Amino acid sequence: MNDWVPALKLIGIGFYIFFCILLGTGAGLWLDGMFETKPWLAIAGLVAGLFLAGYGAFRMVRPFLKHHNGGEKSE
């Protein structure tokens with residue numbers, strides 16, 4: 001069972017990335033419909049979703065990288 005834990009965490013990171021991008025773009029499209037600003041808010045939502053996905057994924061992957069490097073900083 002312990003072998004599945006890292007794999008499931010990595011799958012969770014994939015879902016996190018997917019939903020950040022989906023929600024950011026979806027919110028942008030919804031706001032574009034309300035304010036008639038197509039496609040600017042959709043693009044802004046996509047960029048925000050990509051930024052949040054990258055930042056969150058980095059924070060989630062960092063423990064795997066520390067474990068792989070033995071907890072030491074590499075130069």
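Helices in this briefing are DSSP runs of at least four residues, numbered from the N terminus. By that rule, D32 is found in helix α1, which covers residues 4–35. The model is a predicted one, and the points below take up a charged residue, a nonpolar surface patch, the pairs of aromatic rings and one approach between residues that lie apart in sequence.

**The charged residue D32**

- Although D32 is buried, it has no salt bridge, and the nearest side chain of opposite charge, that of K38, is 7.0 Å away.
- A salt bridge would need a side-chain nitrogen of Lys or Arg within 4 Å of a carboxyl oxygen of Asp or Glu, and the 7.0 Å between D32 and K38 can be read with that cut-off in mind.
- When the neighbours within four places in sequence are set aside, D32 is in contact with T37, K38, P39, W40, L41 and A42.

**The nonpolar patch and F18**

- A nonpolar patch of about 890 Å² on the surface is made by W4, L8, I11, F15, F18, F19, L22 and L23.
- F18, one of the residues of this patch, has its place in helix α1.
- With a relative accessibility of 47%, F18 counts as partly exposed, because that class lies between the limit of under 20% for buried residues and the limit of over 50% for exposed ones.

**Aromatic pairs**

- The structure holds three aromatic pairs.
- One of them joins F18 and F19 in an edge-to-face arrangement, with 5.1 Å from centre to centre and 70° between the planes.
- F19 is partly exposed, its relative accessible area being 41%.
- F51 and Y55 have ring centres 6.5 Å apart and planes at 10°, so this pair is stacked.
- Because F51 and Y55 are four residues apart in helix α2, which covers residues 40–68, they are separated by about one helical turn.
- F51 counts as exposed at 58% relative accessibility, whereas Y55, with a relative accessible area of 45%, is partly exposed.
- Ring pairs also link F15, F18 and F19 into a cluster, and these three residues are among those that make the nonpolar patch.

**G12 and A57**

- G12 is found in helix α1, and at 33% relative accessibility it counts as partly exposed.
- Although G12 and A57 are 45 residues apart in sequence, they are 9.7 Å apart in space, taken from C-alpha to C-alpha.

Definitions and conventions:
Residues numbered from 1 in each chain as written. Predicted model: local features only at pLDDT ≥ 70, side-chain atom pairs only at ≥ 80, totals over all residues. Heavy atoms only, no water. Helix = DSSP H or I, 4+ residues; strand = E, 2+ residues; numbered from the N terminus. Buried < 20%, exposed > 50% of the residue type's maximum accessible area, 1.4 Å probe, protein only. Lys, Arg positive; Asp, Glu negative; His and termini not counted. Contact = heavy atoms within 4.5 Å. Patch = residues over 30% accessible without salt bridge, like charges linked within 9 Å, V, L, I, M, F, W, Y side chains within 5 Å. Areas by Shrake-Rupley, 256 points an atom, 1.4 Å probe, with all protein chains shown as cover. Phe/Tyr/Trp six-rings, centres within 6.5 Å; stacked < 30°, edge-to-face > 60°.
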